[in-house]
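Trainee: Please take me slowly through a single part of this model, since I am new to it. I would like one connected account, with each term explained as it comes up.

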Amino acid sequence: MATDSNGLQSRIERMCTERGLKMTGQRRVIARVLSESHDHPDVEELYRRAAALDERISVATVYRTVRLLEENGILERRDFGGGRARYEATEEGDHYHLIDVESGQVVEFTHAGHAALLRKITAELGFDLVSHRLELFARRLPDVSQDQTDQAAPTQRKGRSQP
């Protein structure tokens, strides 16, 4: 069993095992890279990181593994513009993405009122909300600094990734 630096099985590998997927050594490396990613890598970036850990990994192996993980609900494909699909682990709980159209930076955030509003809207329309996603494409206002937006409430930042 592949483990991370703390001796724990990677989150992605654990999800694979729970779904009965065979875990080869190369899949374990790819799962580890995905679990340790705090950004949203595309396949080429994922390949670069995995190959740095195991030079035997081919880009074809990464593509096949990403497709397998996506088909099994372990990875989610994201389109943040720029012509390349990017990936993140399927997570429980609500979080959203704000994409800076100038820099390509992706900001993950949560907002407690957003999910409640969506549940209310779907109930009013006679439905039960089972899933949703929110991707905001925006441009930073010229008179608002990064420090000012870091202080904003009730929105809480979860993280940022570079393009």
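**Helix α3 against helix α4, and the surroundings**

Mentor: Helix α3, which spans residues 43-53, and helix α4, which spans residues 59-71, have axes that come within 9 Å and cross at roughly 120 degrees. The axes here are lines fitted to C-alpha atoms, for helices over the stretch in contact, and the angles run from 0 to 180 degrees between N-to-C directions. Helices (H or I, at least four residues) and strands (E, at least two) are DSSP runs, numbered from the N terminus.

Please keep in mind that this is a predicted model, in which local features need pLDDT of at least 70 and side-chain atom pairs count only at pLDDT 80 or more, while totals for chains, interfaces and linings use all residues. Residues are numbered from 1 along each chain as its sequence is written, and side-chain values use heavy atoms, with hydrogens and water left out.

To return to the pair, α3 and α4 are oblique to each other because of their crossing angle; angles under 35 degrees count as roughly parallel, over 145 as roughly antiparallel, 65 to 115 as roughly perpendicular, and the rest as oblique. The crossing of α3 and α4 is also right-handed, a term used if the near helix is turned clockwise from the far one by less than a right angle, whereas an anticlockwise turn makes a crossing left-handed. On the α3 side the contact (heavy atoms within 4.5 Å) is made by Val43, Glu44, Leu46 and Tyr47, and on the α4 side by Val59, Val62, Tyr63 and Val66. Sorted by class, the residues of this contact of α3 with α4 are 7 nonpolar, no polar and 1 charged, where Ala, Val, Leu, Ile, Met, Phe, Trp, Tyr, Cys and Pro count as nonpolar, Asp, Glu, Lys and Arg as charged, and the others, Gly among them, as polar.

Helix α2 meets each member of this pair in turn. The axes of α2 and α3 come within 9 Å and cross at roughly 120 degrees, and these two helices are therefore oblique to each other. In passing α3, α2 makes a right-handed crossing. Val29, Ile30, Arg32, Val33 and Leu34 of α2 make the contact with Leu46, Arg49, Ala50 and Leu53 of α3, and by class this contact of α2 with α3 has 7 nonpolar, no polar and 2 charged residues. Leu46 of α3 thus appears in the contact with α4 and in the contact with α2.

With α4, the axis of α2 comes within 10 Å of its partner, and the two cross at roughly 70 degrees, so α2 and α4 are roughly perpendicular to each other. The crossing of α2 and α4 is right-handed. It brings together Gln26, Arg27, Ile30 and Leu34 of α2 and Thr61, Val62, Thr65, Leu68 and Leu69 of α4, and the residues of this contact of α2 with α4 divide into 5 nonpolar, 3 polar and 1 charged.

From these helices we can follow a few residues outward. Glu36 lies in α2 and counts as partly exposed because its relative accessibility is 40%; buried means under 20% relative accessible area, exposed over 50%, and partly exposed in between (1.4 Å probe, protein chains only). Although Glu36 and Ser10 are 26 residues apart in sequence, their C-alpha atoms are 8.2 Å apart in space. Glu13 belongs to helix α1 and is buried, with a relative accessible area of 1%; its C-alpha is 9.5 Å from that of Leu34, a residue 21 places away in sequence.

Arg19 sits in the loop between α1 (11-18) and α2 (25-36), and at 38% relative accessibility Arg19 counts as partly exposed. Not counting residues up to four places away in sequence, Arg19 touches Asn72, Gly73 and Ile74, and between Arg19 and Gly73, which are 54 residues apart in sequence, the C-alpha to C-alpha distance is 9.3 Å.

As a wider setting, the protein has 6 helices and 6 strands, and from the N terminus on its elements run α-α-α-α-β-β-β-β-α-β-α-β. Of its 163 residues, 32% count as buried.
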